[in-house]
Amino acid sequence: MAAYRAYRHDVRTPVLSTYHILGFISSGTYGRVYKARLRSPPPPQAPTRPTRPATPASLRGASPAPPALHGDAASHTAPATPASMANPQTPSNDPAVAAAAAAAAAAAAAAASASASNAGQIYAIKKFKPDSKESEASQYTGISQSAMREIALNRELHHVNVVSLFEVRLEDKSIYMVFEYAEHDLLQLIHHHSAVLRAPIGVAVLKSILWQLLNGVAYLHRNWVLHRDLKPANILVTSNGVVKIGDLGLARLYSQPLQSLYTGDKVVVTIWYRAPELLLGARHYTTAIDVWAVGCIWGELLALRPMFKGEEAKMDPKTKAAPFQTDQLKRIVEILGSPSKERWPAIETMPDYKGWWPHLRLDNYPKNLHTWYANRARSHGGFELFDTLLQYDPTKRLTASEALQHPWLNEEPLPTLNAFASLAKPNNTYPTRRHYSRANSGINTGTGGTGTVSRGGSTGGGGGGGGGGETMNQPPNITVTAVGSAGHTGPPTASSSSHTGGGGGTAAPSAAAAAAASATATAAAAKGGMVGAATANASASRAKRQKLA
């Protein structure tokens with residue numbers, strides 16, 4: 001296979017030759033997500049690849065290469081491939097290598113044909129950073145477990161409410177996953193209603209989003225998949241109002257697992273959406289943890305802020321032990337009331353109950369969920385379903401399939417496949433997802449200054465906002481220039497890595513105001529640069545005097 005691998009390496013198309021990177025959308029501990037446009041395939045050319053020398057006898061009889069990555073429809077075919085692969089010349093003295101190259105050429109021809117019809121299509125490219133050991137000299141250890149899980153599951157799952165994977169590429173020890181692009185996510189929609197529209201989400205839109213979300217979750221559960229990280233930032237929405245569940249990095253098959261779910265991942269689900277049984281240290285759990293997260297998302301769509309916004313206790317870096325989340329439990333009890341044996345018969349069997357609960361002083365809290373719901377929904381409709389999703393006892397929560405059959409979802413206004421259908425301007429109500437632009441378009445537009453992205457957080461410049469998370473290596477010609485917009489603080493993630501969205505100013509009302517804002521930001525940057533230079537010169541002078549003395 002050595003000769004064939006070398007041949008595939010020679011003809012492999014780099015990611016940047018296939019896709020035009022428009023900017024990056026988000027970042028995290030895994031890497032970054034980029035917005036990209038598929039380039040037009042090059043015109044057909046006569047093959048120019050020289051014939052290889054005779055293949056060593058040790059390589060004869062090698063099995064053909066595996067088929068190219070594909071899905072269940074033509075849209076899942078891999079993008080453009082260079083014309084040199086359309087009809088390559090193969091060594092005639094080795095039938096096995098010749099057959100393998102012919103198979104690759106046929107797959108490349110099919111890919112090129114499909115790519116021609118998809119030229120200009122927008123995609124989301126998720127780049128995983130190489131997995132390495134944390135040491136002074138980073139050592140490459142292979143593909144991360146999160147990437148392998150997401151690739152394996154996304155290649156098998158095909159549903160209208162689950163984001164589609166089109167292809168996977170390995171380049172320079174990094175994994176690139178090419179997904180369909182969605183213009184919105186629930187976190188952005190919630191923030192737009194909270195900070196811009198200053199109005200609640202309409203019942204018709206909310207019911208449609210909720211129905212589609214439950215439909216996607218029910219599909220995952222029917223196929224024995226636990227998502228384990230449902231939250232607004234991971235729920236995408238297309239411009240046509242179709243909800244897409246994304247980010248399966250923590251997802252896992254729960255049918256006949258080789259080891260317990262707890263053994264593989266001791267901390268799952270972002271803190272604000274984590275079910276009570278997980279907070280009390282459950283070693284075994286079910287699909288009910290995803291149903292609880294759906295209830296929390298519903299509450300956030302109503303309140304326009306996280307329903308249970310607790311303060312996360314950080315993990316001890318020495319012991320690596322998961323801390324008990326006291327404040328998060330308190331936030332839940334304040335709304336749902338104190339759990340009892342009648343409400344949750346198995347509560348005393350939870351591993352962390354006896355050691356922690358008696359010291360929390362969370363007894364005798366009344367249940368305020370109905371009042372909480374009525375004040376925000378301005379109606380009692382739907383409360384019964386809402387209540388059954390947020391039961392302490394996981395066995396009493398409805399399944400996603402049962403929730404879809406609830407009478408409230410069959411009442412007017414009925415859910416629609418386009419969640420925005422009831423809006424006056426279905427395609428123009430919500431802005432598209434915020435992304436960070438290329439260097440040659442990183443001009444201050446009055447929506448904020450330039451932000452710098454660094455590990456563990458972001459710094460906004462000139463009123464603009466930066467993205468959160470860990471700075472990653474980027475494709476060439478891409479710089480991290482943030483186009484700031486009003487920001488939204490995200491919760492600590494399940495992997496204990498906080499990400500803060502770009503906090504920033506509002507758009508300038510006119511071109512003159514935008515120019516003024518740009519001039520102000522430029523002047524501030526220049527002033528900062530002069531101050532920094534003066535400080536550096538002063539330090540150098542002091543060091544020189546000390547050396548002479």
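This is a short walk through some strands and helices of one predicted model.

Hi everyone, thanks for coming. Please keep in mind throughout that we are looking at a prediction.

Let's begin with the strands at the start of the chain. Strand E1, residues 19-27, is joined to strand E2 by seven bridges, and the two run antiparallel. If you want a landmark for that pairing, find tyrosine 19, which stands opposite leucine 38 in E2. The connection from E1 to E2 is a hairpin, made through three residues.

Now stay with E2, residues 31-38. How many of its eight residues are buried? The count is seven, so E2 is largely enclosed by the rest of the structure. E2 also pairs with E3, again over seven bridges and in the antiparallel sense. The landmark here is alanine 36, with tyrosine 123 of E3 opposite. As a reminder, strands of a sheet pair through backbone hydrogen bonds, either parallel or antiparallel.

E3 takes us to a helix. Helix H4 covers residues 145-156, and its buried residues are Ala147, Arg149, Glu150, Ile151, Leu153 and Asn154. Charged side chains are on that list too, as you can see from Arg149 and Glu150. What do those buried residues pack against? The answer is a set of five strands: E3 (122-128), E6 (165-171), E7 (174-180), E9 (225-226) and E12 (252-253). We can also check the length of H4: at 1.5 Å a residue, its twelve residues should span 16 Å, and the end C-alpha atoms are 17 Å apart, which agrees.

Next, a sheet further along. It is open, has three strands in the order E8-E10-E11, and its pairing is antiparallel. Which strands stand at the edges? They are E8, residues 184-185, and E11, residues 243-245; each has a single partner strand, so one side of each is left without a neighbour in the sheet. Helix H6, residues 203-222, packs on this sheet and touches E10 and E11. The direction of H6 makes about 35° with that of E11. As for the pairing itself, two bridges join E8 to E10, residues 235-237. In one of these strands you will find histidine 184, whose bridge partner in E10 is valine 237.

On to a pair of helices. H9 (residues 288-303) and H12 (residues 369-377) pack at an angle of about 45°, and their axes are 9 Å apart. That angle makes H9 oblique to H12. Which residues make the contact? From H9 we have Trp298, Gly299, Leu302 and Ala303, and from H12 we have Trp372, Tyr373, Arg376 and Ala377. The crossing of the two helices is left-handed.

H9 deserves a little more time. Is H9 mostly covered or mostly uncovered? Mostly covered: 15 of its 16 residues are buried. The length check works here as well, since 16 residues at 1.5 Å each should span 22 Å, and the end C-alpha atoms of H9 are 23 Å apart, which agrees. Just after H9, have a look at leucine 304, which takes a positive phi of about 65°.

Last stop: aspartate 387, in helix H13, residues 383-389. Is this aspartate buried or exposed? Aspartate 387 has a relative accessible area of 15%, and with the cut-off for buried at under 20%, aspartate 387 counts as buried. Setting aside neighbours within four places in sequence, aspartate 387 is in contact with Lys367 and Leu369.

That's my tour. Thanks for listening!

Methods. Residues numbered from 1 in each chain as written. Predicted model: local features only at pLDDT ≥ 70, side-chain atom pairs only at ≥ 80, totals over all residues. Heavy atoms only, no water. Pairing = 2+ DSSP bridges. Helix = DSSP H or I, 4+ residues; strand = E, 2+ residues; numbered from the N terminus. Contact = heavy atoms within 4.5 Å. Axes fitted to C-alpha atoms, helices over the stretch in contact; angles between N-to-C directions. Expected span 1.5 Å × (residues − 1). Buried < 20%, exposed > 50% of the residue type's maximum accessible area, 1.4 Å probe, protein only. Parallel < 35°, antiparallel > 145°, perpendicular 65-115°, else oblique. Left-handed = near helix turned anticlockwise from the far one by under 90°.
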